[in-house]
Amino acid sequence: MSSIQEKNICTHYHKVLLSRSLPKFFQEIQKLQVLYQKNNLKCEQCQLKIDVGNICLRCQAVICNVDKQCLQHHSQCMTNSQSNFEKSDHCIFINIISTQMICIICKSEILDFEQYGLTGNEDVFSQWINPQRIRIEYLRYFQKQELSLQRFNSPNVGILNIANFSFMNCVLQILLNFPTIQQILQKVHVELEKGEFNVKSIKKIILRNICSISDTLKSKSCKLLNPTEFIKSIAQSESKLLGYGQKDAYEAFKYLINFLHEEFRFTNSISYWKNIIPFQNQEPIQHDWLLLSQASKFRDYSFIQNIFSGELQSTIQCLNCNRQTLLNENYSAISLEIPQINEQNVISKFFNKLTKDKQDYVTLQSCLELFYEPIQESNFLCLCGSRNGRRKYKFSKFSNILTIHIQRFKNKNQKDQTHVSFPVEQTSFSNYLNMQGDLNYQLFGLIVHYSNIGGDHYESIIRQPNNTFLSIRDDQVNPVTLKYVKDSEALMLFYQKVDSPINYKTIHNVLTQYELIQTGEIVLKDDELSFLPNFWFEQFLTLSNPQMIITSHLFCFHNQLKPDYWDFRQSYENINQQEQMNTSFLCDQSIHLQQNNNSSSYFQLQIQSVQLPTAICQFLIEKYGGGPLIQKNIQTCQICIEQAQNMSKRRKLERNLIQKYENCQSENQFIINQDWITIWQRYLYNSKSQLQKNFIFGNPPPGEINNLPLLDSNNQLLKEKQINIDYRLISHQLWSVLVSIYGGGPIIQVNLSNFEEDNPKQKIFNLDADDITKIKEIRNILNQCFKMYNICENIDCI
């Protein structure tokens, strides 16, 4: 308890919760929920109906806002006398909407334990109840139903601040009002709302909620947007984002773009990013196992990456031998420190004072100059053995949206309010980025932080199509002047690139063809239509640099549509059912359905693509590079589905053998390399998330068992090798199964220096006929896969 007091946490909160029974506490919340949904909440003291009230944690009484006297009067009435007011246990209140907790005696806010620097390992968690748990329970009960938007008066479109999610609201407004992101998510939203795609994953639910918010912001179908469902889904995935403590919009930005990148990402050759391949690439992506074993040759792409990602080149110079090392780093945002103002510049200060400018004044360019300055680097190892170096950054590739984060928080309680001037209108950033060429950027939006009583609040300022600016503070949306924008203390800046020449005639013609197909005025056959990635099409319409058209990741080794996890699993489950029923008619019907493109991969292709005439798609691939062309009549590859099913069958047979012998006891114990065991386990027990990343073959199998790293030159076990760290002990039976499947060695028995083949006690355990048959089938399945995909020589497998 002493550690809590040292952190200045209200002790009344502890007393109130200790005097309550939590199950009864949550039962009383349910009663209040009914009144809340019926709009019958009344202040206990003044008897006025209220939309947003504060609830006493002791007796569940609903009281008016903290600025009124009802709170004080309530606590005084609950004590025997005025003098006992300081001892009242009716002093802790929680706000229904924001979940802010306050103590009216201490006149302080009660934050989550994490905000005080406490962790779950401290003894205090066994004595006190984390306020975060209470907040989550209130959200669970009060946010089960949508809030009635008619109860709030807002003249413009905004997002309601629930559970102190202002830090997330401002980022949503910036991202979801950007045309490219908005158009892509709107198309995905339309397909998801059709109900044809069963959403079970919590991440898919979050994506659906984001798409719904984006659609509402674009259509302006309501005056006030309620993000309740989005917050509930976020709470299930990232509970650390909950709580009423200080939140950072920059962290919310990184979470959202990482989430969208993860949901829309695909893997392709790194040479696409380097632009060193021919303009037309007709080669499909390689086999999953080649891709996983040669990860350095591939990277993940998404429309988010194409919008926000740029490239930095860092040069590290060793201070000992002067050797220089060049490294390329991708960035989605640049985080800049604010330089210290030169106190000796009296003339500049005097001039600023005369012009009524802020005295604490720096420019964005000075922040970037500080970013370019060399810094000491100790986290690298030079070839000479030295760890002392100097790192220097420069930009090598620009992004379509340049995101700049200004580091205003030195710590959680101290904010740097130095005014940083930044360009608002279209400006050449060639000097800012130290790059050649006319890199013209224009401010699209910015985020401003405000410190208010009870928590932090954020403001989004967004440029409108008519070049005016709109200020959005949660549910308050108002136009602002250019001077207001320039005077803002920006926390984040978003610049859109506008300088590259765009062929407006080409865009107009392509868009016209697309709209005619959508409206049905042009009807073409399947072999006359082709798919174009939706994310690239929207970039083509709105961004200055749409980059190459990448589609090879959608093709398998056989130049057909690559199946995904659901194609493989649904067919696999159907086959298992058909084997049990022994009915050939159902099997033929299943294959017929797959060949008619009723597959999950084909459905996903429709969601994430637009349809255009094949001739136009060919023209765009020739103009921007990439490919290959995806025609509408493409089929999902049945060969890959069959091979993935066989690999799943192989793993199942092997797991059954392992389960049969893993608990057997034997006099002889065998040593096996832990590194090999790790690779083998990763292959045998694939996680579902790995398969759902479109790697339907899972992790590649291990090669032969290799125990040589455990032995010295005399074939003796090295003394420094430790059990369960460098090697494992397995039974005679289990060793026989593994060596029969994978081969290899050498055999190492415990307490024996040499192994003699003619010793009958040391011969390999004899498997029964059924096991031998299964092992032959296991090996044949893998050999067939190797032969079909020509991958024997490229990965280290049997």
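1. How many salt bridges does the structure hold? The count is 14. Keep in mind that this is a predicted model.

2. One of these salt bridges joins the side chains of K204 and E263. The N to O distance is 3.1 Å, and the cut-off for a salt bridge is 4 Å. The two partners come from distant parts of the chain, 59 residues apart. K204 belongs to helix α8, residues 202–219. E263 belongs to helix α10, residues 249–264.

3. Next, a helix pair. Two packed helices are described by the angle between their axes and the distance between the axes. For α7 (residues 179–192) and α19 (residues 534–542), the angle is about 145°. Their axes lie 9 Å apart. The crossing of α7 past α19 is right-handed.

4. Which residues make the contact between these two helices? From α7 come P179, T180, Q183, I184 and K187. From α19 come N534, F535, E538, Q539 and T542. Sorted by class, the contact of α7 with α19 has 5 polar, 3 nonpolar and 2 charged residues. K187 counts as charged because Lys is in that class. E538 counts as charged because Glu is in that class too.

5. On internal space: the structure holds 3 cavities of 30 Å³ or more. The largest has a volume of about 90 Å³. Its lining is made up of 13 residues. Nearest the centre of this cavity lie H287, D288, C556, K562 and F697. By class, the lining of the largest cavity has 9 nonpolar residues, with 2 polar and 2 charged ones besides.

6. Now the backbone. Where is the cis peptide bond that leads into P628? P628 sits in the loop between β29 (626–627) and β30 (630–631). The bond runs from G627 to P628 and is cis, with omega near 0°.

7. A cis peptide bond also runs from G745 to P746. Here omega is near -5°. P746 is placed in the loop between β34 (744–745) and α28 (769–789).

8. What is the sign of phi at N322, positive or negative? Phi is positive, near 65°, and N322 is a residue other than glycine. N322 is found in the loop between β10 (310–318) and β11 (324–331).

How values were computed. Residues are numbered from 1 along each chain as its sequence is written. This is a predicted model: local features need pLDDT of at least 70, side-chain atom pairs count only at pLDDT 80 or more; totals for chains, interfaces and linings use all residues. Side-chain values use heavy atoms; hydrogens and water are left out. On a 1 Å grid over the protein atoms alone, a cavity is a set of points where a 1.4 Å probe fits but cannot get out, and a pocket is an open set with protein on both sides within 12 Å along at least five of seven lines; lining residues have an atom within 4 Å of a point. Grid points are joined across faces, edges and corners, and a volume is the space filled by probe spheres set on the points. Axes are lines fitted to C-alpha atoms, for helices over the stretch in contact, and angles run from 0 to 180 degrees between N-to-C directions. Helices (H or I, at least four residues) and strands (E, at least two) are DSSP runs, numbered from the N terminus. A crossing is left-handed if the near helix is turned anticlockwise from the far one by less than a right angle, and right-handed if clockwise. Contact means heavy atoms within 4.5 Å.
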